[in-house]
Amino acid sequence: MRIVADANVLIRAVVGDDKHQAHLAMEALRLADEIAISLPAFCEFVWVLEQRYQRSRASVAAAIFTLISDRRVACDRSAVDAGLAMMHAGGDFADGVIAFEGRRLGGEVLITFDRQAAKLIAAQGGAVELLG
């Protein structure tokens, strides 16, 4: 079966804090022929692991790398890599995805109020304008 994995399924498989749901999640992922993971699911996955479960960036990045290394996982690898690059630079995964997707959609300059995101995106060669 080809499945779309919701962030909560991925989180349960990684965290395992609810044994029953963790078992169901892991079994569904194990049995899948293909696992599609959307960008919003990755963003939610990162946010929940960092905020709710207080996982380190390194731990979250390792979990993402494990997911995308599975040959059955279908995802926008370039956008995920942009999110991981932003994390490794000290920023938020979602900010990297947003900047990448915006450029791919034809945007030339990211506008933001987020000083840290602006600094990191500029450091990575992206055009950015800090508002305010």
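**Exercise 1. The sheet**

In which order do the three strands of the open sheet stand, and is their pairing parallel or antiparallel?

Solution. The model is a predicted one, in which local features need pLDDT of at least 70 and side-chain atom pairs count only at pLDDT 80 or more, whereas totals for chains, interfaces and linings use all residues. Residues are numbered from 1 along each chain as its sequence is written, and side-chain values use heavy atoms, with hydrogens and water left out.

Step one is to name the elements: helices (H or I, at least four residues) and strands (E, at least two) are DSSP runs numbered from the N terminus, and two strands pair if DSSP finds at least two bridges between them. Step two gives the order, which is β1-β2-β3 in an open sheet with parallel pairing. Since β1 (2–4) and β3 (73–74) stand at the edges, each has a single partner strand, so one side of each is left without a neighbour in the sheet. Step three turns to the pair β1 and β2 (residues 34–36), which run parallel and are joined by three bridges; within β2, A36 is the bridge partner of V4.

**Exercise 2. A residue of the edge strand**

Determine whether I3 of strand β1 is buried or exposed, and list its contacts.

Solution. The scale comes before the value: buried means under 20% relative accessible area, exposed over 50%, and partly exposed in between, with a 1.4 Å probe and protein chains only. I3 is found in strand β1, and because its relative accessibility is 18%, I3 counts as buried. Contact means heavy atoms within 4.5 Å; with neighbours within four places in sequence left aside, I3 is in contact with A28, L29, A32, E34, I35 and A36. For the C-alpha atoms of I3 and A74, which are 71 residues apart along the chain, the separation is 9.9 Å.

**Exercise 3. The buried side of α1**

Identify the buried residues of helix α1 (residues 7–15), and explain how they are placed around the axis.

Solution. The buried residues of α1 are A7, L10, I11 and V15. They cover an arc of only 115° around the axis, which puts them on the same side of α1, where the arc is that of the directions from the helix axis to the C-beta atoms. The general background is that an α-helix has 3.6 residues a turn, so residues three or four places apart point the same way. The next step is to find the partners, and the buried residues of α1 pack against α2 (19–31), α3 (39–51) and α4 (57–69). A41 lies in α3 and touches A5 and A7, when residues up to four places away in sequence are not counted. With a relative accessibility of 5%, A41 counts as buried, and its C-alpha atom is separated by 8.7 Å from that of L10, 31 residues apart along the chain.

**Exercise 4. The packing of α1 and α2**

At what angle do α1 and α2 pack, and which residues meet?

Solution. Axes are lines fitted to C-alpha atoms, for helices over the stretch in contact, and angles run from 0 to 180 degrees between N-to-C directions. The angle is about 110°, and the axes are 8 Å apart. That makes α1 roughly perpendicular to α2, given that angles under 35 degrees count as roughly parallel, over 145 as roughly antiparallel, 65 to 115 as roughly perpendicular and the rest as oblique. On the side of α1 the residues are V9, L10, R12 and A13, and these meet Q21, A22, A25, M26 and L29 in α2.

**Exercise 5. Two positive phi values**

Locate Q54, and state the sign of its phi and its exposure.

Solution. As background, most residues other than glycine have a negative phi, and most peptide bonds are trans. Q54, found in the loop between α3 and α4, has a positive phi near 55° although the residue is not glycine. Because its relative accessibility is 60%, Q54 counts as exposed. A positive phi, near 70°, is also found in G16, which follows α1.

**Exercise 6. A buried aspartate**

Place D95 in its helix and name the residues that D95 touches.

Solution. D95 lies in helix α6 (residues 93–104) and is buried, because its relative accessible area is 18%. Residues up to four places away in sequence not being counted, D95 touches M86, D114, A117 and I121. The C-alpha atoms of D95 and A117 are separated by 6.6 Å, although the two residues are 22 residues apart along the chain.
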